[in-house]
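Here are my notes for you, written as numbered points that can be read alongside the structure. Please keep the view open and find each residue as it is named.

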Amino acid sequence: MLVRRRLVQFLSTLLANAKLGNFLSGQIYRGPLKQVCVPFLNCYGCPAALGACPLGSLQSLAEAPQSRLSFYVWGGMLLAGGLAGRFICGWLCPFGLLQDLLKRGSRIRLRLPKYLPALKFLLLPLVVLLPAVVVDQYGFGSPYFCQFICPAGTLTAGLPLLASGPEFYHLIGPLFWFKLALLFLILAAAVIYYRPFCRVLCPLGAFWGLFNRIAYFRLIAAPSCAACGRCSQTCPVQLTLPGQLNSSECIRCLDCVKACPHGALKFTSCSSGVDKGTGYSPTSC
């Protein structure tokens, strides 16, 4: 399962950032594909990025008085979340992949304080509303999350553009140093804790998490579950399973499915009734 997930993560990262030559030229791709949102953090300013980030798109549209709401962006997010919830976080997000790799190479195993994951749910409404509410004298807001917090943008846009040539050196200032420090703090934390940004600060992860219990594809349990606790021991986000199946914190890594010695967990559609052959029931989601 891990090898398959890593392969999908790498392919997703490469497909979303296929203009690799732009890292050398310092140019940003602005073709027609940039109008399409990918379902994960993928900074518009990244030279290699083909698609746009949904959070960046929402904020950019909300900051302009003439376009506070985008049915296209919201519709795409609702569709993606309704299909599989935080499967996007666990299998597709490039910044999630980076945190996975950092944690994989570390022997340190610390548990994240339980109250911290709630912070991303406080950030979610602020990310969506602030650009439309906190505006200048002309009625324009700013993409505040991208501007002041997003570490993915610092890593894949800010640093590569600075490295491409001196014409970008004017961007270096107090805000850049703040965001760079925040990036390194998050990456350092990823060595100690599993996916700290995804679990604590990512508004997009919070949004997908709202769909985990109602998504078309979700985790279900069979009566053959012996409550042995193997799935809980394996869960990287510290969920107590199977009681917290499809919690908003579950990133659908499916480690629990692989670890179950009884084959009692399954990630599948919950659109049908009880499977008489296996005993899997959507009511257990």
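The points below deal with two helix pairs, one residue in a helix, and the nonpolar core.

1. Please bear in mind throughout that this is a predicted model, and that the remarks below describe that model.

2. As background, two packed helices are described by the angle between their axes and the distance between the axes. For helix 1 (residues 2–16) and helix 6 (residues 94–104), the axes come within 9 Å and cross at roughly 135°. Because angles over 145 degrees are needed for roughly antiparallel, this crossing makes helix 1 oblique to helix 6. The crossing of these two helices is left-handed.

3. Which residues make the contact between helix 1 and helix 6? On the side of helix 1 they are Leu2, Arg5, Arg6, Gln9, Phe10 and Thr13, while helix 6 contributes Pro94, Gly96, Leu97, Asp100, Leu101 and Arg104. Sorted by character, the residues of this contact comprise five nonpolar, three polar and four charged.

4. Asp100, which lies in helix 6, deserves a separate look. Its relative accessibility is 2%, and because buried means under 20%, Asp100 counts as buried. Leaving aside residues up to four places away in sequence, Asp100 touches Arg5, Arg6 and Gln9, and also Tyr194 and Arg195. Between Asp100 and Leu254 there are 14 Å in space, C-alpha to C-alpha, although the two are 154 residues apart in sequence.

5. A second pair to examine is helix 3 (residues 54–62) with helix 4 (residues 71–84), whose axes come within 10 Å and cross at roughly 150°. Since angles over 145 degrees count as roughly antiparallel, helix 3 is roughly antiparallel to helix 4. The crossing of helix 3 and helix 4 is left-handed.

6. The contact between helix 3 and helix 4 is formed by Pro54, Ser57, Leu58 and Leu61 from helix 3, together with Val73, Trp74 and Met77 from helix 4. These residues divide into six nonpolar and one polar, with no charged residue in the contact.

7. Turning to the interior, the largest nonpolar core has 55 residues, and those with the most contacts inside it are Leu41, Phe95, Phe197 and Trp208. Helix 10 (residues 174–192) supplies the largest share of this core, namely six residues.

8. What does Phe197 touch, if residues up to four places away in sequence are not counted? The partners of Phe197 are Leu41, Phe95, Gln99, Phe145, Pro151, Ile186 and Cys202. Two of these partners, Leu41 and Phe95, are named with Phe197 among the core residues with the most contacts.

Conventions
Residues are numbered from 1 along each chain as its sequence is written. This is a predicted model: local features need pLDDT of at least 70, side-chain atom pairs count only at pLDDT 80 or more; totals for chains, interfaces and linings use all residues. Side-chain values use heavy atoms; hydrogens and water are left out. Axes are lines fitted to C-alpha atoms, for helices over the stretch in contact, and angles run from 0 to 180 degrees between N-to-C directions. Helices (H or I, at least four residues) and strands (E, at least two) are DSSP runs, numbered from the N terminus. Angles under 35 degrees count as roughly parallel, over 145 as roughly antiparallel, 65 to 115 as roughly perpendicular and the rest as oblique. A crossing is left-handed if the near helix is turned anticlockwise from the far one by less than a right angle, and right-handed if clockwise. Contact means heavy atoms within 4.5 Å. Ala, Val, Leu, Ile, Met, Phe, Trp, Tyr, Cys and Pro count as nonpolar, Asp, Glu, Lys and Arg as charged, and the others, Gly among them, as polar. A nonpolar core is a set of buried Ala, Val, Leu, Ile, Met, Phe, Trp, Tyr and Cys residues joined through side-chain atoms within 4.5 Å. Buried means under 20% relative accessible area, exposed over 50%, partly exposed in between (1.4 Å probe, protein chains only).
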